[in-house]
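I opened this chain to take notes on its fold, its core and a few single residues. The entries are in the order in which I looked things up.

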Amino acid sequence: MAELPTSVSIREVGPRDGLQNEDPIPTGAKVRLLDALSRTGVRRIEAVSFVHPRAIPQMADADEVWQRAAKVDGVRYSALVPNSKGAQRALAAGFTEIEVVVSASDTHNRRNVNRGTDESLDDIAELIDLLHGADATAEVIIATSFGCPYEGDVDPARVAAIVERVVRDGADRVAFGDTTGMGTPRRVRDLVTAVRDRDADVPVLLHFHNTRGTALANLLTALELGVTEFDASVGGLGGCPYAPGASGNLATEEAVHMLHDMGVDTGIDLDALIEVAELAEELTGRRLPSGVLRAGPRTRLTPSPT
């Protein structure tokens, strides 16, 4: 096995990516989840998205959720926006870390935002300028990076070309979404290699779904390639409303459990995180897919010394 990083950064996406795929829950419940996650030691949280309520009704109360949230010192909070109007709302709310999504697959992009990928990239270039003008950072998330529910396989070279474009346009960070759970260790290796062949210095963050049970294997492969930034969602909440059957993000507690046992530090308190996963089950009213959540304390591994 290749030498692994000594530490990684996990961005918790349950409050946004997770809840947007659940039945709507009350604003107060969203605030409880966000505040509880802020106390687990996680240092990055995707808090809300500023989208039209007709598109994603689960995020209709984003402004109120953010206004009521505790905002713990040392935690970096970000918001997802679909366009300049959403960006202006996020900036007005006080966010300085903003994410925008474009799909590598043209068909998925049209289903998601009703325009082609190239059109979205033109819009994103203008959005990046808007954000930089407000002293905010712009992260471009490339959805369907590992495959599309409508078009099937996505060529890593296409994803790498999109990265090259958005970096040229000023993107501060780039993330890659396994929107459909089609990712495998081979696809992870192919994609990361293709991107680094064009731009070896671009920061890489990977977002895995566990639709086909490969999320942890993909995480390990990415670690072996030196990737140190990942998204995960408490309890395995989430999916994609525009990718049929793509339910279930990588569960944060499963990732932390594995990483700590391998001597890779996350800074997150696993026991506290499991308590939040239990809270997420209570708030959503359904059994979540996390395997660690199902396991008793005696079956949880003691972290390996670093």
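What follows are my notes, from the whole chain down to single residues.

**Entry 1. Overall.** I noted at the outset that this is a predicted model. I counted secondary structure and got twelve helices and eight strands. I then checked the radius of gyration: the chain has 18 Å, which agrees with the value near 19 Å for a compact globule of 306 residues. The C-alpha trace spans about 55 × 45 × 35 Å along its principal axes. I looked up burial next, and 56% of the 306 residues are buried.

**Entry 2. Contacts, surface, charge.** I took the contacts between residues at least 6 apart in sequence and found that 75% of them join residues at least 24 apart. The accessible surface came to about 12700 Å², and carbon and sulfur atoms account for 46% of that. For charges I have 31 positive and 46 negative side chains. The centres of these two sets lie 4 Å apart.

**Entry 3. Core.** I asked which residues have the most contacts inside the largest nonpolar core. They are Phe-95, Ile-142, Phe-176 and Leu-206, in a core of 90 residues. Helix H11, residues 270-284, gives the most to this core, namely eight residues. I followed up on Ile-142 and listed its contacts beyond four places in sequence. Phe-176 is one of them, and the others include Val-102, Ala-104, Val-159, Ile-162 and Val-163.

**Entry 4. Helix H10.** I went through residues 252-261 and found that nine of the ten are buried. The buried set includes Glu-253, Glu-254, His-257 and His-260, as well as Val-256, Met-258 and Leu-259. What do the buried residues of H10 pack against? I found strand E1 (9-12), helix H9 (215-224), strand E8 (229-232), H11 and helix H12 (291-294). H11 is also the helix that gives the most to the core of Entry 3. After H10 comes Gly-263, with a positive phi near 80°.

**Entry 5. Glu-46.** I looked up this residue in strand E2, residues 44-49. Is Glu-46 buried or exposed? Its relative accessible area is 2%, so Glu-46 is buried. Leaving out residues up to four places away, Glu-46 touches Arg-11 and Arg-16, and its list also includes Glu-12, Asp-17 and Glu-99. I checked the pair with Glu-99: the two are 53 residues apart in sequence, and their C-alpha atoms are 9.1 Å apart.

**Entry 6. Ser-120.** Ser-120 sits in helix H6. With a relative accessible area of 5%, Ser-120 is buried. Apart from residues up to four places away, Ser-120 touches Val-102, Asn-109, Val-113 and Arg-115. Val-102 is also on the contact list of Ile-142.

**Entry 7. Positive phi outside glycine.** I looked at Lys-71 and Asp-135. Phi of Lys-71 is positive, near 60°, and phi of Asp-135 is also near 60°. Lys-71 is in the loop between helix H3 (62-68) and strand E3 (76-81). Asp-135 is in the loop between helix H6 (117-133) and strand E5 (137-143). I then compared their exposure. Lys-71 has 31% relative accessibility and so counts as partly exposed, whereas Asp-135, at 68%, counts as exposed.

Conventions
Residues numbered from 1 in each chain as written. Predicted model: local features only at pLDDT ≥ 70, side-chain atom pairs only at ≥ 80, totals over all residues. Heavy atoms only, no water. Helix = DSSP H or I, 4+ residues; strand = E, 2+ residues; numbered from the N terminus. Buried < 20%, exposed > 50% of the residue type's maximum accessible area, 1.4 Å probe, protein only. Rg over C-alpha atoms; globule rule 2.2 N^0.38 Å. Contact = heavy atoms within 4.5 Å. Areas by Shrake-Rupley, 256 points an atom, 1.4 Å probe, with all protein chains shown as cover. Lys, Arg positive; Asp, Glu negative; His and termini not counted. Charge placed at Lys NZ, Arg CZ, Asp CG, Glu CD. Core = buried A, V, L, I, M, F, W, Y, C linked by side-chain atoms within 4.5 Å.
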